[in-house]
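The report below treats the contacts between chains, and then turns to the architecture within them.

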Amino acid sequence: MKEFVDHCCEKCTHTKENPCKDFVLCCLEGPICHENESCAKKRKAIIDKVALNEHFVIC
Amino acid sequence: MSTVVETREAVTEEIDLSKVDSLIEPYLGKKEMVIPALQKVQDHFGYLPRPAVERVSKQMRIPLSRIYGVATFYAQFKMKPRGRYIIRVCKGTACHIQGSPKIAERIEDILSIESGETTDDLRFTLEEVACIGACALAPVIMINENPHGRLTPDKVKDILDSYQ
Amino acid sequence: MYEKHLMICGATGCLSSGSSQVEEALIEELEKHGIKDKYRLVMGGCPGFCEVGPLIVVYPDEVFYSRLKPKDMAELVEKHLVGGEIVERLLYKGPDVDAPARFYDTIPFYAKQKFNVLRNSGLIDPESIDEYIMRGGYRAFTRALNMDSTTICEEVKQAGLRGRGGAGFSTGLKWELTYKAPSSKKYVVCNADEGDPGAFMDRSILEGDPHAILEGMLICGRAIGADEGYIYCRAEYPLAIKRLKTAIEDAERYGLLGENILGYGFNFKMNIKEGAGAFVCGEETALLASIEGKRGMPRPRPPFPAQSGLFGKPTTINNVETFANVPLIVKEGGVDEFVKVGTDGSKGTKVFALAGKIRNTGLCEVPMGITIREIIYDVGGGIKGGRAFKAVQAGGPSGGCIPDELIDLPIDYDSLNQAGAIMGSGGLVVMDERTCMVDLARYFLSFTQKESCGKCTPCREGTKRMLEILNRISEGLGKPEDLDTLDSLATSIKDSSLCGLGQTCPNPVLSTIRYFRNEYEEHIEEHFCRAGVCKELFNYRIDEEKCTGCTACVKACPVDAIKGEKKEPHEIIQELCTRCGSCIEKCRQDCIMITPVGSEADVSN
């Protein structure tokens with residue numbers, strides 16, 4: 001997962017042709033449709049890479 | 001007068017109408033896209049040569065008078081060839097009160113042209129712009145893409161000399 | 001993971017001061033130490049403080065380095081990045097701080113600011129949609145997708161958001177009118193044709209946070225039932241256009257623009273139109289004509305664009321800053337937060353471009369209701385060179401000047417209108433005693449006169465006549481009845497022009513006459529321009545008592561009009577002097593005076 005639009009695992013199906021209603025929320029708080037620690041970590045890795053400080057992310 | 005005609009003919013010969021066709025191809029059949037089409041043509045030639053505008057009129061099926069009506073309305077479109085270096089004197093409020101008219105005057109004196117004109121050797125074209133948004137550096141001029149800020153009239157000559 | 005992030009201001013102001021060269025030098029230094037991969041460099045949006053650019057802010061430490069030069073980079077890398085020690089020498093210093101200010105929030109320029117619209121500018125990489133999402137982006141839009149049109153319009157109305165482009169019309173009401181107009185096709189248009197000379201706040205938002213504008217437009221589209229949007233942007237803003245294009249591509253790729261967005265059955269297509277250089281296209285009906293490929297001329301209203309706009313369809317037009325405010329309002333709990341800032345009639349913040357004879361030139365975002373004094377002295381750091389404050393021009397060529405005696409006026413739509421100025425797009429140009437108010441009025445009028453599209457005769461011809469009179473006054477040929485003539489012409493133009501340009505263009509003349517009548521009279525009756533601007537109406541003269549004979553002015557004079565030996569008092573040869581003012585800029589003894597033509601009296605301070 002290099003950016004939020006990439007799928008964390010095969011359970012994520014969001015594409016522009018087949019969109020998911022929870023996509024935006026899922027970027028920061030996901031995965032929402034399933035539970036998986038490694039999928040959550042993938043998202044956090046994207047955030048940690050660019051977050052300037054603890055106030056940076058706004059949920 | 002004869003030189004003007006010669007210049008125009010000389011320029012006419014260089015206009016590659018097939019290039020015009022390819023530039024405006026995406027806009028055919030979309031009359032509302034005449035401004036982007038003219039912008040593309042000007043990006044390529046540096047100005048709007050008459051034969052190119054005639055071609056746009058024919059291909060886009062818009063009367064030539066209408067196209068000229070649009071082209072002459074907007075300051076961006078130029079009907080004459082321009083110099084290698086475009087000097088843009090910022091006439092924004094901040095520049096004005098920090099003395100941009102005195103800078104413009106000095107440039108006009110040195111180059112013996114007025115705003116909107118081009119030197120005979122096609123080296124410089126002098127233009128005014130409303131604001132280039134570098135107010136902290138007022139007064140500012142841009143020569144092509146290079147800004148020169150915090151100017152005083154005595155600095156102008158050296159700057160112009162550095163563009164040959 | 002990066003050890004640190006270095007945000008380099010890549011906006012026009014800093015680029016002009018040389019920020020790309022600073023970036024190159026920084027990369028070179030990092031490579032020399034072999035540590036380039038540990039640091040993230042972002043050439044991003046504008047932190048606003050153009051005066052002390054080029055700027056770099058180092059995160060997470062939040063250290064603000066200013067006035068950087070390429071040769072400073074070796075020290076910055078070695079000492080701060082490798083050694084972990086702040087480079088004092090490169091911190092912000094100014095008369096308003098006791099010691100070099102280490103952190104962003106200890107610099108007085110930022111102390112009274114409140115970042116709503118500029119919330120992401122300079123903090124995120126404007127070309128990264130992920131970073132926009134991390135800052136809470138597209139959440140308000142997702143929420144709007146779950147709401148019906150009426151509720152969205154209602155929230156925007158409750159928030160009291162007024163158009164940031166000039167007139168201050170209620171945004172929610174505008175949306176509601178477009179929503180109620182029956183049509184299967186509607187448009188959202190973003191006016192990014194920021195043409196006021198001296199104003200560059202919209203560009204800063206476009207360059208620093210393009211997704212905020214897309215999100216605002218999407219929410220508007222959802223509210224009014226539109227499926228297509230246009231952003232009409234000045235061609236003079238190439239960087240803004242590039243960033244918008246990237247933002248649109250990314251939003252399409254993410255499924256946030258296009259067909260059936262996020263599965264809600266909502267479609268939206270976004271287009272960019274480049275303007276072609278016509279100030280009048282900032283006027284909404286002229287702008288629409290320009291998008292349609294016509295001459296950008298305004299038309300009578302009604303019908304308003306909300307009923308019949310682009311291609312004859314109902315259209316909502318808002319400016320950049322208005323749209324950038326929208327996601328803050330429509331987000332969860334947004335209305336309550338939004339109304340906490342501002343005054344009763346003017347909610348939220350306003351971005352201003354501070355320029356002119358002020359120490360801290362740049363962009364600032366302040367709560368509505370802040371006084372002019374606070375902006376000039378606290379945010380702006382006071383007048384450059386310690387001269388006396390004379391007036392501030394608010395609202396550009398459509399606005400008016402606010403004199404010294406109204407310095408405690410709170411800045412909101414209604415107070416400014418009462419004072420004869422307008423909020424306009426947010427340009428604030430500060431003037432000191434060396435600014436001539438007649439010349440200022442003449443400057444603005446010559447601008448609007450050139451930009452008048454010519455459709456309404458009073459605007460086309462009347463501004464020309466007014467300009468002739470002002471030209472005469474500044475050449476010393478004014479007549480006593482001129483001021484009355486100006487007043488009557490101005491009134492006719494205001495009353496009988498179709499669009500905002502004509503209706504407001506006499507304002508600078510009217511307000512300078514209102515507050516600086518004596519200055520006009522001095523020009524007309526005594527043929528004297530005290531500010532030393534109108535060239536026919538003053539001489540420069542060297543005070544022999546004060547002159548130390550340093551020859552600075554002799555060297556500065558481009559026409560050799562100053563004679564004098566070293567350590568001897570100099571003298572200006574009036575016949576040769578072109579009154580360019582180079583000498584007065586260079587004189588360190590303050591001994592060059594502005595005197596009436598043919599008089600020996602010392603009237604300078």
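In this predicted model, 2 salt bridges are counted between chain C and chain A. One of the salt bridges in the structure joins the side chains of C:R253 and A:E3, with a distance of 2.6 Å from N to O. This pair crosses from the segment before helix 1 (23-29) of chain A, where A:E3 lies, to helix 11 of chain C, which holds C:R253. Side chains of opposite charge can pair when their charged atoms come close. Over all chains, the structure holds 51 salt bridges.

Beyond the salt bridges, 9 residue pairs are in polar contact between chain C and chain A, counting pairs in which both residues are at pLDDT 80 or more. Several elements of chain C, namely strand 1 (4-9), helix 5 (129-134), helix 6 (139-145), helix 11 (238-253) and strand 7 (258-261), each supply at least two residues of the side that touches chain A. Helix 5 of chain C gives the most to that side, with 4 residues. By residue class, the side of chain C that touches chain A divides into 14 nonpolar, 7 polar and 9 charged residues.

The contact as a whole takes 30 residues from chain C and 28 residues from chain A. The two chains bury about 2600 Å² between them, and 63% of this area is on carbon and sulfur atoms. Of the area that chain C buries against chain A, 28% is supplied by C:M134, C:R139 and C:Y254, more than by any other three residues.

Where do the other chains stand in the assembly? There are 2 pairs of chains in contact, and of these, chains B and C share the most contacts. No contact joins chain A and chain B, and their closest C-alpha atoms lie 26 Å apart.

Chain B has a secondary structure of 8 helices and 4 strands, which follow the pattern α-α-α-α-α-β-α-α-β-β-β-α when read along the sequence. Taken along the principal axes, the box that the C-alpha atoms of chain B fill is roughly 50 × 35 × 25 Å.

Within chain C, 5 strands form an open sheet of mixed pairing, in the order 11-10-14-12-13. Strand 11 (362-367) and strand 13 (400-403) of chain C stand at the edges with a single partner strand each, so one side of each is left without a neighbour in the sheet. From one strand to the next, the twist averages 30°. Strand 12 (residues 389-394) and strand 14 (residues 427-432) of chain C run antiparallel and are joined by 5 bridges; C:Q393 has C:V429 in strand 14 of chain C as its bridge partner.

Two helices of chain C pack on this sheet, as the table sets out.

| Helix of chain C | Strands of chain C touched | Angle between directions |
|---|---|---|
| Helix 15 (residues 372-379) | strand 10 (349-356), strand 11, strand 12, strand 13 and strand 14 | about 110° with strand 12 |
| Helix 21 (residues 507-525) | strand 12 and strand 13 | about 30° with strand 13 |

Strand 12 and strand 13 of chain C are thus touched by helix 15 and also by helix 21.

How values were computed. Residues are numbered from 1 along each chain as its sequence is written. Chains are lettered from A and ligands numbered from 1 in the order in which they are written. This is a predicted model: local features need pLDDT of at least 70, side-chain atom pairs count only at pLDDT 80 or more; totals for chains, interfaces and linings use all residues. Side-chain values use heavy atoms; hydrogens and water are left out. Two strands pair if DSSP finds at least two bridges between them. Axes are lines fitted to C-alpha atoms, for helices over the stretch in contact, and angles run from 0 to 180 degrees between N-to-C directions. Contact means heavy atoms within 4.5 Å. Buried area is the accessible area (1.4 Å probe) that two parts lose on being put together, summed over both. A salt bridge is a side-chain nitrogen of Lys or Arg within 4 Å of a carboxyl oxygen of Asp or Glu. A polar contact is a pair of N or O atoms within 3.5 Å; within protein, one must be able to donate a hydrogen and the other to accept it, and residues adjacent in sequence count only if both atoms are side-chain atoms. Ala, Val, Leu, Ile, Met, Phe, Trp, Tyr, Cys and Pro count as nonpolar, Asp, Glu, Lys and Arg as charged, and the others, Gly among them, as polar.
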